[in-house]
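Here are some short exercises to work through with the structure open beside you. Try each task before you read its solution.

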Amino acid sequence: MHGAKTRTIIRNVLIMTMKEGDRPFRGDIVLEGSRIASVGPSVTSQHPGDEIISGEGMAAMPGLINAHQHSPMTLLRAFSDDLKLMDWLERKMFPAEARMTEEDIYWGAQLAMAEMIRSGTTAFADMYIHMEQIATAVAETGMRASLARGLALAEDDGGKRLAEGWDLIERWSGQANGRITTMLGPHSPYLCPPEPLKELIGEAGRKRIPIHIHLAETVEETAIIRERYGKTPTEYLHDLGLFDEAHVLLAHAVHLSASDIRLLRGMRGGAAHNPVSNAKLGCGIAPVAALMEQGVAVGIGTDGAGSATTLDMFAEIRAAAWLQKLAAQDPTALPAGRALRMATAGSARLLGIDSEVGTLEAGKKADLLLIDLRQPHLQPLHDPEAVIAYAAAGGDVDSVFVDGVPLMRSRRLLTIDEEKLLAEAAVRAARIVEGV
Ligand SMILES: CSC[C@H]1O[C@@H](n2cnc3c(O)ncnc32)[C@H](O)[C@@H]1O
Ligand SMILES: [Zn+2]
């Protein structure tokens, strides 16, 4: 017998476990409560009360994990494009963000979550302001998230924002049935001077709190840090003890020298690659293959919708593969299966949740998606991994489960009132950008 937990059997589905070395195969996936009870090729025996979902024509894979973004920036989507990063941030984003209320943050985050669920993302790492609002939206929508209050430590605010960062950690770690985890979020080497950053790193180390930080996104950043401290941005963080003290989620990691990459060897956490944002802002191409060769975990993120425009992780997977091939002039530089594993198991490692999610296997949390393969652009299926990495888009996702709970079935969102959300977002977005 199977006890009181509800069981859902996804029958006869093409299963992509995303475990290293596994090939796609047809079989059943059994969800029991919040976890995966079994994943296998044999037909599973049915019990009274089991819910049966036909997987005919579908592929199942672990939920995509967006390893770096700023969710409320959906309200700034396509508000300002085609500018250099520093101009874009200082002239457009920061002034617009200064006009955002707590309620704006809530609705912007919910808009991001609707878009993420619709495109197969089940978990994300977020760094922003008014994080309580984002945490509330995560709890309500049923997603999984790692949340950090973004901190520009160069600005003297009497410790107010840092206190908000610690408060978030205290109040929200482990909330929403364990779906919410937290980090500290010093923004970047260029907005965080050595003294307060060293202090924060020491405190994070003592309390075992992970750190989410932007690193080496542009050549301008490299020049600024060289001028201020005579080091590369990576050396700057390394010399402050960051990689010894904490699990670290590095966003971008584009401009790394060979010796920078060696400094990252053995780090806990890893780098979140944001290929679309990096391409749109003209930042450069992160040395993904070289990082992986040195054993540094690499995941995939979108960055905020203010730069990436969409939160569709399938677009990022494709861009990641293309850009590595282009940069190396070598089609083998980042194969389809490896790009898919980066966006699932790789990102899970960066968020520190790889023991729970990121692959489809018995015992893990039931965070997964079903892709509808019965569409012209996804047929035939000579190589399912290649079809999904190179041809699928967020709109092909049929169903999404987190913790065994369906958040979308047959493309209908089950935890979000989309009509109300779209109306709220439109009014708020228009007000925020007025006059900026
Ligand atoms: C203080 S909360 C986070 C902060 O980061 C800003 N941001 C968005 N995208 C980027 C990026 O690509 N590089 C650096 N900073 C970025 C966002 O606007 C928030 O102010
Ligand atoms: Zn960012």
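**Exercise 1. The annotated site**

Find which residues the UniProt annotation "binding site" covers, and work out why they can be said to gather at one spot.

*Solution.*
Step 1: In the UniProt record, an unreviewed entry, the "binding site" annotation covers His68, His70, His214 and Asp303.
Step 2: Along the sequence these residues span 236 residues.
Step 3: Now turn to space, keeping in mind that this is a predicted model. No two of their C-alpha atoms are more than 11.8 Å apart, so the four residues gather at one spot despite that span in sequence.
Step 4: To place one of them in the fold, look at strand E6 (residues 64-69), where His68 lies.

**Exercise 2. An annotated span**

State which residues UniProt lists for "domain: Amidohydrolase-related", and describe that span.

*Solution.*
Step 1: The unreviewed UniProt entry lists residues 60-405 under this name.
Step 2: Helix makes up 45% of the span and strand 18%.
Step 3: The C-alpha atoms at the two ends of the span lie 15 Å apart.

**Exercise 3. Two domains in contact**

Identify the domains of the chain, then describe the side of domain 1 that touches domain 2.

*Solution.*
Step 1: The domain assignment gives domain 1 as 7-62 + 358-410, and domain 2 as 64-351.
Step 2: Taken over C-alpha atoms, the centres of the two domains are separated by 28 Å.
Step 3: Domain 1 brings 22 residues to the contact, and domain 2 brings 26 residues.
Step 4: On the domain 1 side, at least two residues each come from strand E5 (58-62), helix H15 (384-391), strand E15 (397-402) and strand E16 (405-409). The largest share, five residues, is supplied by H15.
Step 5: Sorted by character, this side of domain 1 has 16 nonpolar, three polar and three charged residues.

**Exercise 4. A pair of helices**

Decide how helices H2 and H3 are oriented to each other, and say which residues meet.

*Solution.*
Step 1: Helix H2 (residues 102-118) packs with helix H3 (residues 131-141) at an angle of about 40 degrees, their axes 8 Å apart.
Step 2: Angles under 35 degrees would count as roughly parallel, and 65 to 115 as roughly perpendicular. H2 and H3 are therefore oblique to each other.
Step 3: Their crossing is right-handed.
Step 4: From H2, Glu102, Ile105, Tyr106, Ala109, Gln110 and Met113 meet Gln133, Ile134, Thr136, Ala137 and Thr141 of H3.
Step 5: The residues of this contact divide into six nonpolar, four polar and one charged.

Conventions:
Residues numbered from 1 in each chain as written. Chains lettered and ligands numbered in written order. Predicted model: local features only at pLDDT ≥ 70, side-chain atom pairs only at ≥ 80, totals over all residues. Axes fitted to C-alpha atoms, helices over the stretch in contact; angles between N-to-C directions. Helix = DSSP H or I, 4+ residues; strand = E, 2+ residues; numbered from the N terminus. Parallel < 35°, antiparallel > 145°, perpendicular 65-115°, else oblique. Left-handed = near helix turned anticlockwise from the far one by under 90°. Contact = placed C-beta atoms within 7 Å. Nonpolar A, V, L, I, M, F, W, Y, C, P; charged D, E, K, R; others polar. Domains from an automatic or database assignment. UniProt positions renumbered as here; feature names shortened; annotations may be inferred.
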